[in-house]
Amino acid sequence: MSTRVWWGVLALAIFLSAWIGARALPAHAPATDDLFLSTGSSTIRVELATTTAARAQGLSGRAPLPPGEGLLFVFPRDGQYSFWMKDMRFSIDMLWIAADGTVVDMRENVAPETYPSSFTPRAPARFVLELSAGHARSSGISIGARIQGIPAGLASE
């Protein structure tokens with residue numbers, strides 16, 4: 001077999017392998033750290049922040065959240081975790097959530113210009129959910145609401 005034919009066969013094999021592999025994948029394969037939560041009137045796709053580094057970074061320096069997406073901070077134990085808007089580029093809603101999924105406190109439409117002020121909940125929480133500004137109100141989320149879909153025993157470092 002000539003070198004030219006051999007390269008053609010190899011190129012065709014690579015193309016077919018890539019084409020077959022792409023067709024075998026789902027249209028959108030969710031990241032392994034994604035979770036879907038229900039707020040009653042909507043479903044939110046959340047990224048998890050379970051490590052100290054991920055919680056420290058949060059949404060700082062990132063592009064605005066698409067509608068229906070959020071970041072769920074997972075803490076190892078209940079506490080009154082404070083948040084600020086350092087290096088934020090957009091406004092958010094912050095929801096402090098107890099281990100059972102109950103919203104124990106929230107702040108709406110917190111703007112980047114509030115930095116260096118910090119926001120501390122009135123009650124201990126295990127999770128903090130950050131959403132695009134206005135999402136809590138448009139979804140009917142208020143203090144006492146239940147967020148469903150947080151796995152029992154969700155681990156963090």
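Accessible areas here come from the Shrake-Rupley method with a 1.4 Å probe. By that method, the protein exposes about 9100 Å². Carbon and sulfur atoms supply 58% of that area. The model is a predicted one.

## Overall build

The protein has three helices and eight strands. Along the sequence, they follow the pattern α-β-β-α-β-β-β-β-β-β-α. The protein has 157 residues, and buried residues make up 36% of them. Contacts also reach along the chain. Among those between residues at least 6 apart in sequence, 69% join residues at least 24 apart.

## Leu 37, a residue in strand E1

Leu 37 gives a local view of such contacts. This residue is found in strand E1, which covers residues 34-38. Leu 37 counts as buried, at 1% relative accessibility. Leaving aside residues up to four places away in sequence, Leu 37 touches Ser 42, Thr 43, Ile 44, Val 46, Leu 72, Leu 129, Ile 147, Gln 148, Gly 149 and Ile 150. Take Ile 150 from that list. Leu 37 and Ile 150 are 113 residues apart in sequence. In space, their C-alpha atoms are 6.7 Å apart.

## Aromatic pairs

The structure holds five aromatic pairs. Two of them are described here.

The first to look at joins Phe 73 and Phe 83. Their ring centres are 4.8 Å apart and their planes stand at 80°, so the pair is edge-to-face. The cut-off for that label is an angle over 60 degrees. Phe 73 lies in strand E3 and Phe 83 in strand E4, so the pair ties together parts that are ten residues apart in sequence. Phe 73 is buried, and Phe 83 is buried as well.

Next come Trp 84 and Tyr 115. Their ring centres are 5.1 Å apart, with planes at 70°, so this pair is also edge-to-face. Trp 84 lies in strand E4. Tyr 115 sits in the loop between strand E6 (103-110) and strand E7 (118-119). The pair therefore ties together parts that are 31 residues apart in sequence. Trp 84 is partly exposed, and so is Tyr 115.

The table lists the relative accessible area of these four residues.

| Residue | Relative accessible area | Class |
|---|---|---|
| Phe 73 | 1% | buried |
| Phe 83 | 9% | buried |
| Trp 84 | 44% | partly exposed |
| Tyr 115 | 34% | partly exposed |

Phe 73 and Phe 83 also belong to a wider group. Together with Phe 75, Tyr 81 and Trp 96, they form one aromatic cluster.

## The largest pocket

Rolling a probe the size of a water molecule over the atoms shows where empty space is left. In this model, about 220 Å³ of space lies in the largest pocket. The pocket is lined by 17 residues. Closest to its centre are Arg 55, Ala 56, Gln 57, Ser 60 and Trp 84. Trp 84 is thus met again: this residue also pairs with Tyr 115.

Which elements give two or more residues to the lining? They are helix H2 (52-57), strand E3 (69-79) and strand E4 (83-84). Helix H2 gives the largest share, three residues. By type, the lining residues divide into nine nonpolar, four polar and four charged.

Strands E3 and E4 thus appear in two settings. They help line the largest pocket, and they hold Phe 73 and Phe 83.

Terms used
Residues are numbered from 1 along each chain as its sequence is written. This is a predicted model: local features need pLDDT of at least 70, side-chain atom pairs count only at pLDDT 80 or more; totals for chains, interfaces and linings use all residues. Side-chain values use heavy atoms; hydrogens and water are left out. Helices (H or I, at least four residues) and strands (E, at least two) are DSSP runs, numbered from the N terminus. Buried means under 20% relative accessible area, exposed over 50%, partly exposed in between (1.4 Å probe, protein chains only). Contact means heavy atoms within 4.5 Å. On a 1 Å grid over the protein atoms alone, a cavity is a set of points where a 1.4 Å probe fits but cannot get out, and a pocket is an open set with protein on both sides within 12 Å along at least five of seven lines; lining residues have an atom within 4 Å of a point. Grid points are joined across faces, edges and corners, and a volume is the space filled by probe spheres set on the points. Ala, Val, Leu, Ile, Met, Phe, Trp, Tyr, Cys and Pro count as nonpolar, Asp, Glu, Lys and Arg as charged, and the others, Gly among them, as polar. Rings of Phe, Tyr and Trp (its six-membered ring) pair if their centres lie within 6.5 Å; planes under 30 degrees apart count as stacked, over 60 as edge-to-face and the rest as tilted.
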